[in-house]
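Reader: Please take me through the fold presented here, with the reasoning behind each answer.

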Amino acid sequence: MKSICYVVPYFGTLPGKAFSLWLKSCKANPTVNWIIFTDDKTEYDYPKNVKVCYTTFDKIRERFQSHYDFPIVLDRGWKLCDYRPAYGEVFAEELKGFDFWGHCDVDLMWGNIRKFYTDELLEKYDKIGFHGHSTLYRNTPEVNNRYRTIVDGEKNYKFVFTDSTGHCFDEVGMEAIYNYLGIPYSQNISYANLTKYETKFHIDLMPKEDEYKNKRQVFTWKDGTLMRHYLHDEKIYDEEYMYIHFWCRPMSYKISDFSDTAEYLIYSDVVTDKPFKLTEKLIKNKGRSHPVAFYAKSLWKNRHKLTPERIIFNIKGSLNRGK
């Protein structure tokens with residue numbers, strides 16, 4: 001079995017119950033490892049496969065700077081997204097011995113990772129995934145150095161690392177590099193990436209012919225398995241996913257049970273451990289939130305990130321999906 005380790009720098013206050021739930025879903029994947037660099041010393045139930053390294057943002061910035069002969073700009077936590085492709089170099093000591101390293105978000109809940117990241121898949125590709133919320137790279141010097149490739153007409157690492165703006169280098173930058181080098185990478189969509197401003201769960205990046213599955217749906221998590229349940233022709237259909245990415249949705253975590261036997265119902269703006277029976281009625285009732293309440297919660301949650309341009313962009317996207 002190929003070994004995997006995700007690197008997760010997170011500075012500031014970790015997200016409480018949402019983080020506890022994330023840790024629980026990590027624990028359910030004992031053959032996958034995570035290393036968290038953080039300055040939040042709140043006591044959490046860290047499982048054996050999640051190593052926490054307490055440090056400061058300044059020390060992490062100094063560590064990145066030591067790898068470059070030009071002054072970098074790393075002045076706030078979210079800018080780390082642009083530096084993700086460099087994790088294989090910068091955290092080489094911690095990643096020694098692992099076959100693959102990756103970066104991921106914590107606003108998600110893992111299902112059964114190994115069911116989707118098979119050894120066959122890991123043998124075939126150097127890069128698995130293309131989104132910041134979860135991408136893996138083969139842990140070799142050649143692969144770890146590829147982010148330094150200069151592609152004509154594309155923003156390269158030197159430009160990105162010396163500019164204070166976010167450039168999604170972990171996504172579009174690395175995609176351009178791999179396409180330029182002609183190196184295939186896995187683009188399999190095995191996760192549920194939720195759109196931010198839909199009152200119901202709407203999974204992004206789905207084939208157009210599967211759009212009908214987005215009408216009414218909920219998710220459940222039990223024993224490390226994440227299942228999607230959607231309605232079609234008055235019947236319930238099930239699909240398994242590797243993880244669900246909440247992506248700035250205003251989720252409420254109505255949870256008191258984080259034990260190994262806990263089961264969770266996940267719907268438009270709630271994760272709950274309250275007992276439930278999966279029925280058509282439940283999916284219809286829970287499959288969409290009241291618009292006023294949902295948008296009020298969403299605006300409050302994302303109040304520090306919203307700009308007029310982002311609001312207009314997301315409203316247009318929602319309207320287009322509704323056509």
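The questions and answers below concern a predicted model.

Reader: In what order do the six strands of the open sheet lie?

Author: The pairing within this open sheet is mixed. Neighbouring strands are turned by 25° against each other on average, with direction ignored. The order of the six strands is β3-β2-β1-β4-β7-β6.

Reader: Which strands stand at the edges of the sheet?

Author: A strand at an edge has a single partner strand, so one side of it is left without a neighbour in the sheet. β6 has its pairing with β7, which is antiparallel and runs over three bridges; within it, His131 stands opposite Ser134 of β7. The edge strands are β3 (50-54) and β6 (127-131).

Reader: Which strands does α1 touch where it packs on the sheet?

Author: Helix α1 covers residues 16-27, and its direction makes about 150° with that of β2 (33-38). Its buried residues are Ala18, Phe19, Leu21, Trp22, Leu23, Lys24, Ser25 and Cys26. The strands touched by α1 are β1, β2, β3 and β4.

Reader: How far does helix α1 reach from its first C-alpha to its last?

Author: The helix has 12 residues. At 1.5 Å a residue, 16 Å would be expected, and the computed value is close to that. The reach of α1 is 17 Å.

Reader: At what angle to β6 does helix α10 run?

Author: Helix α10 is made up of residues 169-181. It lies across β4, β6 and β7. Its angle to β6 is about 135°.

Reader: Which residues of β4 are buried on each of its two faces?

Author: Strand β4 spans residues 100-104, and five of its five residues are buried. In a regular strand, side chains alternate between the two faces of the sheet. Both faces of β4 are covered, with Phe100, Gly102 and Cys104 on one side and, on the other, Trp101 and His103.

Reader: Which residue of β7 is the bridge partner of Trp101?

Author: On the β1 side, four bridges join β1 (residues 4-10) to β4 in the parallel sense, and Tyr6 stands opposite Gly102 of β4. Five bridges join β4 to β7 (residues 134-138), and these two strands run antiparallel. The partner of Trp101 in β7 is Tyr137.

Reader: How many disulfides does the structure hold?

Author: A disulfide requires a pair of cysteine sulfur atoms within 2.5 Å. For Cys26, the nearest cysteine sulfur is that of Cys104, 6.8 Å away. For Cys81, the nearest is that of Cys168, at 7.8 Å. The number of disulfides is zero.

Reader: Is Cys81 buried, exposed or partly exposed?

Author: Cys26 has a relative accessible area of 0% and is therefore buried. Buried means under 20% and exposed over 50%. Cys81, at 31% relative accessibility, counts as partly exposed.

Reader: Which residues does Asn214 touch, leaving out those up to four places away in sequence?

Author: Asn214 is found in the loop between β8 (192-193) and β9 (217-222). Its relative accessibility is 1%, so Asn214 counts as buried. The residues touched by Asn214 are Lys200, Phe201, His202, Ile203, Met206 and Arg228.

Reader: How far apart in space are Asn214 and Cys5?

Author: In sequence, Asn214 and Cys5 are 209 residues apart. Their distance in space is taken from C-alpha to C-alpha. That distance is 32 Å.

Conventions. Residues numbered from 1 in each chain as written. Predicted model: local features only at pLDDT ≥ 70, side-chain atom pairs only at ≥ 80, totals over all residues. Heavy atoms only, no water. Buried < 20%, exposed > 50% of the residue type's maximum accessible area, 1.4 Å probe, protein only. Pairing = 2+ DSSP bridges. Contact = heavy atoms within 4.5 Å. Expected span 1.5 Å × (residues − 1). Axes fitted to C-alpha atoms, helices over the stretch in contact; angles between N-to-C directions.
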